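Q: Please take one careful, close look at a single charged part of this model, and then follow the links that lead away from there. I am new to reading structures, so a connected explanation would help me.

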Amino acid sequence: MLDDFINQFWPSTIDGLSLGAIYALVALGYTMVYGVLRLINFAHADIFMIGTFAALWTVRTAGIDQAGGIALIGVVVLMAVVAGAVSGGGAMLLEVAAYRPLRKRGASRLAALISAIGASIFIQQLFGTVIIHKVFGTSKEGGKLDVNEHFKKLTNVVDAGPIQISNDKLIVFFGAVLMMVALDQFVNRTKLGRGIRSTAQDPETAVLMGVNIDRVVTVTFLVGGIMAGVAAALYMVRFETTNYFVGFLLGIKAFTAAVLGGIGNIRGALAGGFLLGLLETYGSSLFGSGWRDVVAFSVLILVLMFRPTGILGESLQQARA
């Protein structure tokens, strides 16, 4: 086992970083909504799923065939823009339809949690029984859809002995990093970003200071949805397949990443995503690919047992004190 880990260290690290980048982008939606509403938005995984369908629809509608090189970057940007817009719009609609009425009536967090689970099931069934057949015209078992016919065979951009990085992994990593930097600047430097941070720290005082809570919540869902949509486009570049329940397992792992980094802490979600991706791939090298999911959920259990605030969650707790 140890020999396999040593031999596969660099490929596992590269795979882990590209996978962790996707986890981190999806985890941002969980952590932002929790920071503002103290709500675990379990339907966020399905917002990601919607983004994968939007990305696939984009390349099919545009008639893209065997894109590679610089053209592949352009295709990814197009996919990310469309998927981000669709997922962002879906997240806003979810907030208006499923959460805002409960918030206006002063419903308990348990009611909002149940609403999130119901919305998740509704979205899955809508895509599994209607969209996947009416829009994409597939009758495949499980509703599996592929995008690989639209891309050229992937090539290594970096080839230095044991370090080999293919163009899809490089695009995923740097695309995710650019979105993370943009989000960090938005939250820390813009007026709306300050509104999000103030609402997360003390919503009562934020209202007294003139912050429009409804607008802040809507923007939070929009931004989280955009991040999920971009993650969906990158996921399609990396794995080239989707289905109506693709967000289920990935969503749980992204939630694990958010908890690992510190739920409610944006930079913690980023750190947690990359760390979880690395732990998964390293675990696969050590114990075999069948243990990949076991490693991820073992991390969740251990974090909840020994450090429930997460890696960077302590600073957020101090800010609220």
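A: Arg 100 counts as partly exposed because the relative accessible area of Arg 100 is 24%, and this falls between the limits for buried (under 20% relative accessible area) and exposed (over 50%), found with a 1.4 Å probe on protein chains only. Everything described here comes from a predicted model, in which local features need pLDDT of at least 70 and side-chain atom pairs count only at pLDDT 80 or more, while totals for chains, interfaces and linings use all residues. Residues are numbered from 1 along each chain as its sequence is written, and side-chain values use heavy atoms, leaving out hydrogens and water.

The side chain of Arg 100 meets that of Glu 95 in a salt bridge, with 3.0 Å from N to O. The term salt bridge stands for a side-chain nitrogen of Lys or Arg within 4 Å of a carboxyl oxygen of Asp or Glu. Side chains of opposite charge can pair when their charged atoms come close. While Arg 100 is partly exposed, Glu 95 is buried, because its relative accessibility is 0%. This pair also belongs to a wider arrangement, for Glu 95, Arg 100, Arg 103, Lys 104 and Asp 214 are linked in a network of salt bridges. In the whole structure, a search finds ten salt bridges, and two others are worth following through the chain.

One of them joins Asp 293 to Lys 253, whose closest N and O atoms are 2.5 Å apart. Because Asp 293 sits in helix α12 (residues 292-306) and Lys 253 in helix α10 (residues 246-261), this salt bridge ties together parts that are 40 residues apart in sequence. Helices here are DSSP runs of H or I with at least four residues, numbered from the N terminus. Asp 293 is partly exposed, with 28% relative accessibility, whereas Lys 253 is buried, with a relative accessible area of 5%.

The other is formed by Glu 280 and Arg 292, with 3.4 Å between the closest N and O atoms. Here the link runs between distant parts of the chain, from Glu 280 in helix α11 (residues 266-287) to Arg 292 in helix α12, twelve residues apart. Glu 280 is buried at 0% relative accessibility, and Arg 292 is partly exposed at 27%.

From charged residues we can turn to two uncharged ones. Thr 31 has its place in helix α2 and counts as buried, because its relative accessible area is 0%. When residues up to four places away in sequence are not counted, Thr 31 touches Ala 258, Gly 262, Ile 263, Gly 264, Asn 265, Ile 266 and Ala 269, where contact requires heavy atoms within 4.5 Å.

Ala 55 lies in helix α3 and is likewise buried, since its relative accessible area is 0%. Setting aside neighbours within four places in sequence, Ala 55 is in contact with Met 79, Ala 83, Ala 233 and Met 236. Thr 205, by comparison, lies 150 residues from Ala 55 in sequence and 40 Å from Ala 55 in space, C-alpha to C-alpha.

Met 79 leads on to the largest nonpolar core, which has 86 residues, and in which Leu 25, Leu 28, Phe 48, Met 79, Tyr 99 and Leu 183 touch the most other members. Helix α9 (residues 213-239) gives the largest share of this core, 15 residues. A nonpolar core is a set of buried Ala, Val, Leu, Ile, Met, Phe, Trp, Tyr and Cys residues joined through side-chain atoms within 4.5 Å.

Helix α9 appears again around the largest cavity, whose lining is made of Gly 29, Val 33, Asn 41, His 44, Ile 47, Ala 91, Phe 221, Gly 224 and Gly 225. A cavity is a set of points on a 1 Å grid, over the protein atoms alone, where a 1.4 Å probe fits but cannot get out, and lining residues have an atom within 4 Å of a point. At least two lining residues come from each of α2, α3 (44-61) and α9, and the largest share, three residues, is supplied by α9.

How values were computed: On a 1 Å grid over the protein atoms alone, a cavity is a set of points where a 1.4 Å probe fits but cannot get out, and a pocket is an open set with protein on both sides within 12 Å along at least five of seven lines; lining residues have an atom within 4 Å of a point.
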